[in-house]
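Please walk through this structure with me, one region at a time. Keep the model open alongside the text.

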Amino acid sequence: MHLTADREGNITEENSLQDRFLEVLYRSRTGRILLKPLVSPMISKLGGKILDSGMSRLLIRPFIRSNSIDMTDYEEKKYTSYNDFFKRKLAPCARVIEEKPEILISPCDSRLSVYRIEEGFSFFIKQTPYTVQSLLKSGRLAKAYAGGYLWVFRLCVDDYHRYIYVDQGKVSGSRRIQGVFHTVNPVANDHFPIYKENTREYSLLCSENFGTILQMEVGALLVGKIENRPGNRNVHRGEEKGNFAFGGSTIILMTQAGKVLPDEDILRNSSKGIETRVKLGEHVGRK
């Protein structure tokens with residue numbers, strides 16, 4: 001069970017069937033033994049092939065019902081597989097992109113937590129310590145974000161799984177760091193340093209308004225695909241950067257010291273261990 005809040009300050013306890021299953025899997029010795037094959041890239045790829053098959057369409061309607069997904073938010077089309085449905089596109093005007101240049105926007109629908117990156121390049125997610133260097137596998141790049149903020153946008157299985165650029169500017173190519181595929185549910189973080197074990201990709205956006213933003217996509221349990229669009233080009237705010245295939249996933253942003261101040265409600269919730277529910281394109285910080 002974990003806590004989330006909406007932008008009006010209403011707090012909800014989340015304890016879904018999926019959450020309870022993952023608690024058993026990660027908090028019992030037997031469950032953690034069973035996890036070893038499940039988090040491997042081979043199993044993730046196999047799961048991806050099954051969910052790309054035409055037979056997997058049978059899973060779509062039960063998934064929509066069990067997660068109460070409002071399909072009026074999405075384009076009308078006939079889906080060829082479960083993964084085709086999972087990567088569905090929003091209908092026009094289903095999300096509003098905040099256009100004010102001084103406002104930092106969310107890259108995705110998610111549950112957001114924000115952490116200050118201390119001068120030693122360290123930060124804590126719950127009680128688990130991390131360093132920017134271990135996350136990026138680069139001490140030189142880590143130094144650029146000392147004193148800034150790390151933004152963790154956690155996507156659940158029922159969220160929209162496409163993501164965007166948060167500002168206009170020049171984006172680099174992607175660097176991939178190979179790893180395994182733990183769930184990104186908070187329960188896993190109590191037992192595994194998931195953000196430095198999971199497969200991930202990142203790129204650098206030399207943005208017009210917020211300095212150089214690092215954007216990282218983190219794969220998760222049964223998510224073998226991080227499908228990013230080509231880099232090394234100029235991009236605009238709200239442009240689609242990529243999408244995940246099946247499963248819950250995470251987007252991480254890093255912003256440099258003095259460039260962005262997170263919204264007060266997000267900082268307050270994060271200090272209490274509460275995730276803030278945000279939508280793609282809405283304001284989450286200010287220049």
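Start with a stretch to treat with care. Across residues 180-196, pLDDT stays under 50. The model still has 84 contacts there beyond four places in sequence. Where pLDDT is low, the predicted coordinates should not be read in detail. This is a predicted model, and its mean pLDDT over the chain is 82. Of the residues, 74% reach 70 or more.

Now the overall picture. The chain has 287 residues, and 53% of them are buried. Its secondary structure comprises ten helices and 19 strands. Take the contacts with a separation of 6 or more: 74% of them join residues 24 or more positions apart.

Strand 11 is a good place to enter. It spans residues 200-207. Six of its eight residues are buried, so the strand is mostly covered. Which strands pair with strand 11? Strand 9, residues 169-171, does so in the antiparallel sense over three bridges. Here Lys 170 stands opposite Cys 206. Strand 10 also pairs antiparallel with strand 11, again over three bridges. In that pairing, Ile 177 has Arg 200 as its bridge partner. Strand 12 runs antiparallel to strand 11 too, and seven bridges join the two. Leu 205 is matched with Ile 213 in strand 12. Strands 11 and 12 form a hairpin, with four residues between them. Gly 211 sits in the turn and has a positive phi of about 70 degrees.

Side chains add further links here. By the distance rule, the model has 17 salt bridges. One of them joins Arg 176 and Glu 201, whose closest N and O atoms are 2.9 Å apart. Arg 176 is in strand 10 and Glu 201 in strand 11, so this pair links parts of the chain 25 residues apart. How accessible are the two partners? Arg 176 is partly exposed, at 37% relative accessibility. Glu 201 is buried, at 11%.

A second salt bridge starts from strand 12. Glu 217 pairs with Lys 241, and the closest N and O atoms are 3.1 Å apart. Glu 217 belongs to strand 12, residues 212-218, and Lys 241 to strand 15, so the pair ties together parts 24 residues apart in sequence. Both Lys 241 and Glu 217 are buried.

Just before strand 15 comes another arginine to inspect. Arg 237 lies in the loop between strand 14 (233-235) and strand 15 (240-244). Is Arg 237 buried or exposed? Its relative accessible area is 7%, so Arg 237 counts as buried. What does its side chain reach? The backbone oxygen of Ile 103, at 2.9 Å.

Ile 103 leads to the next sheet. Strand 3 covers residues 103-105 and is an edge strand of this sheet. The sheet is open, has three strands in the order 3-19-17, and pairs antiparallel. Strand 17 (261-262) is the other edge strand; each edge strand pairs on one side only. Strand 3 meets strand 19 over three bridges in the antiparallel sense. Leu 104 stands opposite Gly 285 there.

Strand 19 also helps to cover helix 10. The buried residues of that helix are covered by elements including strand 1 (2-5), strand 4 (110-116), strand 18 (275-278) and strand 19 (283-286). Which residues of helix 10 are buried? Asp 265, Ile 266, Asn 269 and Ser 270. They span an arc of only 130 degrees around the axis, so they lie on the same side of the helix. An α-helix has 3.6 residues a turn, so residues three or four places apart point the same way. On the other side of helix 10, Glu 264 and Ser 271 are exposed.

Helix 10 has a salt bridge of its own. Glu 264 pairs with Arg 268, with the closest N and O atoms 3.8 Å apart. The two are four residues apart in helix 10 (residues 264-271), so about one helical turn separates them. Glu 264 is exposed, with a relative accessible area of 63%. Arg 268 is partly exposed, at 39%. Asp 265, on the buried side, takes part in a network of salt bridges with Arg 7, Asp 263 and Glu 282. After the helix comes Gly 273, with a positive phi near 75 degrees.

Terms used. Residues are numbered from 1 along each chain as its sequence is written. This is a predicted model: local features need pLDDT of at least 70, side-chain atom pairs count only at pLDDT 80 or more; totals for chains, interfaces and linings use all residues. Side-chain values use heavy atoms; hydrogens and water are left out. Buried means under 20% relative accessible area, exposed over 50%, partly exposed in between (1.4 Å probe, protein chains only). A polar contact is a pair of N or O atoms within 3.5 Å; within protein, one must be able to donate a hydrogen and the other to accept it, and residues adjacent in sequence count only if both atoms are side-chain atoms. A salt bridge is a side-chain nitrogen of Lys or Arg within 4 Å of a carboxyl oxygen of Asp or Glu. The arc is that of the directions from the helix axis to the C-beta atoms. Contact means heavy atoms within 4.5 Å. pLDDT is the predictor's confidence in each residue, from 0 to 100. Two strands pair if DSSP finds at least two bridges between them.
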